[in-house]
Every structure is written in structure tokens, then in C-alpha cells.
Amino acid sequence: MLDELLESAESWQAHLLSQLLKDLIDEHSIRPAPTPASLYGLTNREVEVLAFLTRGATNRQIAQDLFISEKTAGVHVSSIIRKMDVANRGQAAAKSNAELRQLQ
């Protein structure tokens with residue numbers, strides 16, 4: 001939960017809140033569980049797109065659900081593939097699912 005708060009604070013550029021959460025984590029030796037974002041440097045939007053990939057969504061379906069263009073969805077998918085060092089969207093989804101299972 002703290003990791004989600006920290007990600008949100010950072011995405012909102014709420015620097016004071018972000019620093020307070022980091023201090024709290026350090027003070028209590030609380031370490032957030034790794035996420036696709038932290039493992040691969042994905043943006044929040046890329047994490048959203050990756051969730052669609054794990055369900056087998058097409059760029060068109062991703063675009064419609066996220067209210068973005070199909071081209072933008074494709075750019076996000078390409079970025080995810082590059083950052084995760086995989087060959088295609090199916091491998092990105094499989095790798096994400098496998099790593100999330102290991103964390104549970």
C-alpha cells in the first residue's frame with residue numbers, strides 16, 4: 001500500500017509527500033514490493049497498458065479503454081517491450097505474469 005502511495009505522490013510531483021513517505025519507509029525499514037514499474041522503469045501509463053497486454057488486448061482495445069489514439073497505444077507497447085527486453089507483447093505479458101506470481 002505504501003508503494004502505491006509513493007508512486008502516486010511521485011506521479012503527482014508532490015515532492016513533500018513523496019519525501020515524507022520515503023522517510024517513513026526508511027524509518028520503519030518498510031520496503032515496497034517490486035512492481036513492473038520499479039523492475040523495468042515503466043511509467044504509470046505503461047503499467048496500465050501492460051495490464052491490458054496481460055489480458056490479450058489489442059492496441060485498438062487499449063486505445064479505446066484509455067481514451068488515447070491507437071498510435072499512442074502502440075508507442076506505449078513498443079516502449080514496454082524495449083524496457084522489459086522482450087521480443088513481443090506476448091512475451092511482455094508472460095514475463096509480467098510470471099514475475100508477479102513469484103512475488104506472491
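Q: Which helices and strands does the protein have, and how many of each?
A: Let's start with the overall fold. This is a predicted model, and the protein in it has 7 helices and 0 strands. Reading along the sequence, you meet the pattern α-α-α-α-α-α-α.

Q: How many of the residues count as buried?
A: The protein has 104 residues, and 33% of them count as buried. There is also a way to look at how the chain meets itself. Take the contacts with a separation of 6 or more: residues 24 or more positions apart account for 47% of these.

Q: How do I describe the way helix 4 and helix 6 cross?
A: Two packed helices are described by the angle between their axes and the distance between the axes. Here, the axes of helix 4 and helix 6 come within 10 Å and cross at roughly 90 degrees. That angle is why helix 4 counts as roughly perpendicular to helix 6. To find them in the viewer, look for residues 44-54 for helix 4 and residues 70-84 for helix 6.

Q: Which residues of helix 4 and helix 6 meet?
A: From helix 4 come Arg45, Glu46, Val49, Leu50 and Leu53. Facing them from helix 6 are His76, Val77, Ser79, Ile80, Lys83 and Met84.

Q: Is Glu46 buried or exposed?
A: Buried means under 20% relative accessible area. Glu46 has 5% relative accessibility, so Glu46 counts as buried. Its side chain is joined to that of Ser79 by a polar contact of 2.6 Å. Setting aside neighbours within four places in sequence, Glu46 is in contact with Gly41, His76, Ser79, Ile80 and Lys83.

Q: What does Val77 contact, leaving aside its neighbours within four places in sequence?
A: Val77 lies in helix 6 and counts as buried because its relative accessibility is 5%. Beyond those neighbours, Val77 is in contact with Val49, Leu53, Asn59, Ile62 and Arg89. Try comparing sequence and space for one of these partners: Val77 and Ile62 are 15 residues apart in sequence, and their C-alpha atoms are 9.8 Å apart.

Q: Where does Tyr40 lie, and which side chain does a polar contact join to it?
A: Tyr40 lies in helix 3, residues 36-40. With 15% relative accessibility, Tyr40 counts as buried. A polar contact of 2.3 Å joins the side chains of Tyr40 and Glu99. Leaving aside neighbours within four places in sequence, the contacts of Tyr40 are Lys83, Met84, Lys95 and Glu99. You can also follow Tyr40 to Asp85: they are 45 residues apart along the chain, with 9.0 Å between their C-alpha atoms.

Q: What is phi of Asp85, and what is phi of Phe67?
A: Phi is a backbone angle you can look up for each of these. For Asp85, phi is near 55 degrees, a positive value in a residue other than glycine. Phi of Phe67 is likewise near 55 degrees, also positive in a non-glycine residue. Asp85 is found in the loop between helix 6 and helix 7, while Phe67 is found in the loop between helix 5 and helix 6. Asp85 counts as exposed because its relative accessibility is 67%, and Phe67 counts as exposed at 77%.

Q: How many aromatic pairs are there in the whole structure, and what lies over the face of Phe52?
A: A search of the whole structure finds 0 aromatic pairs. A ring can still have a charged side chain over it, though: Arg55 lies over the face of Phe52, at 4.7 Å from the ring centre.

How values were computed:
Residues are numbered from 1 along each chain as its sequence is written. This is a predicted model: local features need pLDDT of at least 70, side-chain atom pairs count only at pLDDT 80 or more; totals for chains, interfaces and linings use all residues. Side-chain values use heavy atoms; hydrogens and water are left out. Helices (H or I, at least four residues) and strands (E, at least two) are DSSP runs, numbered from the N terminus. Buried means under 20% relative accessible area, exposed over 50%, partly exposed in between (1.4 Å probe, protein chains only). A polar contact is a pair of N or O atoms within 3.5 Å; within protein, one must be able to donate a hydrogen and the other to accept it, and residues adjacent in sequence count only if both atoms are side-chain atoms. Contact means heavy atoms within 4.5 Å. Rings of Phe, Tyr and Trp (its six-membered ring) pair if their centres lie within 6.5 Å; planes under 30 degrees apart count as stacked, over 60 as edge-to-face and the rest as tilted. A charge sits over a ring if NZ of Lys or CZ of Arg is within 6 Å of the ring centre and within 35 degrees of the ring normal. Axes are lines fitted to C-alpha atoms, for helices over the stretch in contact, and angles run from 0 to 180 degrees between N-to-C directions. Angles under 35 degrees count as roughly parallel, over 145 as roughly antiparallel, 65 to 115 as roughly perpendicular and the rest as oblique.
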